[in-house]
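This report describes how one protein chain is arranged, beginning with its interior and ending with its pocket. Please keep the sequence and the structure in view while reading.

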Amino acid sequence: KQIQVGEPLWGQVAGTLRVAGRLEADETQIARVSAPVTGRITELSVVEGQTVKRSDIIARIHSTQLSEAQSNFLKAVSQRRLAERAVERARRLLEADVIGEAELQRREAELAQENAGLASLRDQLKLLGMSEGALERLETSRTVNSFSQVVATIDGTVMERKVTIGQFVQAAESVCVLADLSRLW
């Protein structure tokens, strides 16, 4: 009774299968955004689930480390200017036959040392998150700014925010996790 004989027919077979699953962001599209300097979080501009664009400001950090580095940079700029004037003065005195060639060379060596020190401090400020434009503004305005910005490194969604306003963070400490959710696993 259970077996039927006949011509096979084509038909729709449909069924629903419900199973547990989990979506994850593509790990190649995740960015951990970290603090460029040690300091205290004074502003926080994002919440979990918020969409951000590359270069959007995520947080602001007040950093004495940054202000000290800027102050040292400004001192080095002043020292370099002083060394440049000393070299120019020595050239004029050498032309007037008041000093010897050795004195000019000594002052040129001092200028080279000041330039090397200034380049080192410039690199240090870049590592602390200052752009070339910000360095030029610092050099011309001679005004120390102890605030640093944490910016988004990719377009994406804030998956996790790891800090709060008023929290003290170390340089390279994670502030938030961003993920591009256009492709999921």
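## The nonpolar cores

In this predicted model, the largest nonpolar core contains 34 residues. Within this core, the residues with the most contacts are Ile58, Ile61, Phe73, Leu125, Met130, Val150 and Leu178. Several elements each supply at least two residues of the core: strands 1, 2 (39-44), 4 (57-62) and 8, together with helices 1, 2 (101-127) and 3. Helix 1 gives the most, with six residues. As a general principle, nonpolar side chains in soluble globular proteins tend to be buried together.

Phe73 illustrates these contacts. Leaving aside neighbours within four places in sequence, Phe73 is in contact with Leu118, Leu121, Arg122, Leu125, Leu135, Leu138 and Glu139. Apart from the largest core lies another core, of six residues, which include Ala83, Val87, Ala90 and Ile99.

## The open sheet

Strands of a sheet pair through backbone hydrogen bonds, either parallel or antiparallel. Here, four strands form an open sheet in the order 1-8-6-3, and the pairing is antiparallel. Strand 1 and strand 3 (51-52) are the edge strands, each pairing on one side only. Strand 1 (residues 30-34) is joined to strand 8 (residues 174-179) by five bridges, and Val33 has Cys176 of strand 8 as its bridge partner.

Which side chains of strand 1 are buried, and which are not? Ala31 and Val33 point to one face and are buried, whereas Ile30, Arg32 and Ser34 point to the other face and are not. In a regular strand, the side chains alternate between the two faces of the sheet.

## A buried serine

Ser148 lies in strand 5. Is Ser148 buried or exposed? Its relative accessibility is 5%, and buried means under 20%, so Ser148 counts as buried. Beyond neighbours within four places in sequence, Ser148 is in contact with Pro36, Val37, Ala59, Arg60, Ile61, Leu66 and Leu128.

## The largest pocket

The largest pocket has a volume of about 380 Å³. It is lined by 17 residues, of which Met130, Ala134, Arg137, Asn145 and Phe147 are the closest to its centre. Helix 1 (64-95), helix 3 (132-141) and strand 5 (147-151) are the elements that give two or more residues to the lining.

What kinds of residues make up the lining of the largest pocket? Seven are nonpolar, eight are polar and two are charged. Met130 belongs to two parts of this description: it is among the residues with the most contacts inside the largest core, and it is also among those closest to the centre of the largest pocket.

Methods:
Residues numbered from 1 in each chain as written. Predicted model: local features only at pLDDT ≥ 70, side-chain atom pairs only at ≥ 80, totals over all residues. Heavy atoms only, no water. 1 Å grid on protein atoms, 1.4 Å probe; cavity = no way out; pocket = protein on both sides within 12 Å on 5 of 7 lines; lining within 4 Å. Points joined across faces, edges and corners; volume = space filled by probe spheres on them. Nonpolar A, V, L, I, M, F, W, Y, C, P; charged D, E, K, R; others polar. Buried < 20%, exposed > 50% of the residue type's maximum accessible area, 1.4 Å probe, protein only. Pairing = 2+ DSSP bridges. Contact = heavy atoms within 4.5 Å. Core = buried A, V, L, I, M, F, W, Y, C linked by side-chain atoms within 4.5 Å.
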